Amino acid sequence: MSTTQPIRDKGQLKKFKDFYQGQQYGVRNSTMIAIGLNTALRISDILSLTYKDVYTGSGEPHSHIVVREHKTGKENRIYLNKTLRRALAAYRKVLIGTRMYQKGNPYLFPSTRKEGAPLSRYQAYRIISRAADGTGMEDHISCHSLRKTFGYHAWRQGTDPLLIMLLLNHSSIRITMRYLCIEQDDKDAVYRRIQF
């Protein structure tokens, strides 16, 4: 099995993000993808989010969410950017009309089969894989690709790897550097730019 990859190409990334538009559960699926790409949370942490974690009492998305990460146990305060808040506002309109929400399921992405439970990791994987396959991606794209995509594009936009390490809650810069999946093309671009 190949290593999970980030989505490097911005054109492919846009197609991937837009894949579910107009489909059944499209707003839900697109919002889950948007959260992964814009927060760098692991899928287990995304699926654990509740309505109250994300929305204020008046139904507006919070400016920040606070998550205690399952894997590390560390608390992480994450800013919700304008793109993500817009997606969450649209999703809320759909979510509050669902049978699961009306029956009291507290999760942001409630299971459609198990009352009081979040969407399963397997279902999340199927959603991500279907979007990747449907947009013709050849790399191994999984739920973790959303997190890696965030890190990769933050690095490409000039974010200091030490700051990326903090954002991803990694324990060392070595882990972050391996995580960014820097390829030969990325290395070649540095050689092209640096000329004496």
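**Exercise 1. Find Arg68 and its partner, and work out how accessible each one is.**

Step 1. Start with Arg68: at 53% relative accessibility, this residue counts as exposed, because the cut-off for exposed is over 50%. Keep in mind as you go that you're looking at a predicted model.

Step 2. Now look for an acidic partner. Glu75 makes a salt bridge with Arg68, and their closest N and O atoms are 3.4 Å apart.

Step 3. Check the partner too. Glu75 has a relative accessible area of 54%, so Glu75 is exposed.

**Exercise 2. Track down the salt bridge inside helix H1 and explain how its two residues are spaced.**

Step 1. Pick out Lys14 and Asp18, whose side chains meet in a salt bridge with an N to O distance of 2.6 Å. The general idea is simple: side chains of opposite charge can pair when their charged atoms come close.

Step 2. Count along the helix. Lys14 and Asp18 are four residues apart in H1 (residues 10-18), which means about one helical turn separates them.

Step 3. Check Asp18 for accessibility. Its relative accessible area is 26%, so Asp18 is partly exposed.

**Exercise 3. Which parts of the chain does the salt bridge between Glu69 and Arg42 link?**

Step 1. Confirm the contact: the side chains of Glu69 and Arg42 meet in a salt bridge, 3.2 Å from N to O.

Step 2. Place each residue. Glu69 is in the loop between strand S1 (64-68) and strand S2 (75-79), while Arg42 is in the loop between helix H2 (26-39) and helix H3 (43-47). With their positions 27 residues apart, the pair links distant parts of the chain.

Step 3. Are these two buried or exposed? Both Glu69 and Arg42 are buried.

Step 4. Put the pair in context: the structure has five salt bridges in total.

**Exercise 4. Describe the two largest pockets: volume, lining and main contributors.**

Step 1. Begin with the largest pocket, which has a volume of about 730 Å³. It is lined by 29 residues, and the closest to its centre are Lys17, Ala34, Leu37, Asn38 and Thr83.

Step 2. See which helices take part. H1, H2, helix H5 (82-95) and helix H8 (143-156) each supply at least two lining residues, and H2 gives the largest share, with eight residues.

Step 3. Sort that lining by class: 12 nonpolar, 12 polar and five charged residues.

Step 4. Move on to the second largest pocket, with about 410 Å³ of space. Its lining has 17 residues, and Arg28, Thr112, Leu119, Gln123 and Arg126 lie nearest its centre.

Step 5. Here H2 and helix H7 (121-134) each supply at least two lining residues, with H7 giving the most, four residues. By class you get six nonpolar, six polar and five charged residues.

**Exercise 5. Find some aromatic pairs and classify their geometry.**

Step 1. Get the total: there are five aromatic pairs.

Step 2. Zoom in on Tyr51 and Tyr101. Their ring centres are 5.3 Å apart and their planes meet at 50°, so this pair is tilted. Tyr51 belongs to helix H4 (residues 51-54) and Tyr101 to helix H6 (residues 99-102), 50 residues apart.

Step 3. Compare their surroundings. Tyr51 is buried at 11% relative accessibility, whereas Tyr101 is partly exposed at 26%.

Step 4. Now try Tyr152 and Trp155, a tilted pair with 6.0 Å from centre to centre and 50° between the planes. They sit three residues apart in H8, so about one helical turn separates them. Tyr152 is buried, with a relative accessible area of 4%.

Step 5. Look for a group: ring pairs join Tyr51, Tyr55 and Tyr101 into a cluster.

Step 6. Finally, check for charges over rings. Arg8 lies over the face of Tyr152, 5.5 Å from the ring centre, and Lys148 lies over the face of Tyr179 at 5.4 Å.

**Exercise 6. Locate Tyr25 and Asn169 and say what stands out in their backbone.**

Step 1. Recall the usual pattern: most residues other than glycine have a negative phi.

Step 2. Check Tyr25, which has a positive phi of about 60° without being a glycine. Tyr25 lies in the loop between H1 and H2 and is partly exposed at 41% relative accessibility.

Step 3. Do the same for Asn169, where phi is positive and near 60°. This residue is in the loop between helix H9 (161-167) and helix H10 (173-179). Asn169 is buried, with a relative accessible area of 15%.

Key. Residues numbered from 1 in each chain as written. Predicted model: local features only at pLDDT ≥ 70, side-chain atom pairs only at ≥ 80, totals over all residues. Heavy atoms only, no water. Salt bridge = Lys/Arg side-chain N within 4 Å of Asp/Glu carboxyl O. Buried < 20%, exposed > 50% of the residue type's maximum accessible area, 1.4 Å probe, protein only. 1 Å grid on protein atoms, 1.4 Å probe; cavity = no way out; pocket = protein on both sides within 12 Å on 5 of 7 lines; lining within 4 Å. Points joined across faces, edges and corners; volume = space filled by probe spheres on them. Nonpolar A, V, L, I, M, F, W, Y, C, P; charged D, E, K, R; others polar. Phe/Tyr/Trp six-rings, centres within 6.5 Å; stacked < 30°, edge-to-face > 60°. Lys NZ or Arg CZ within 6 Å of the ring centre and 35° of its normal.
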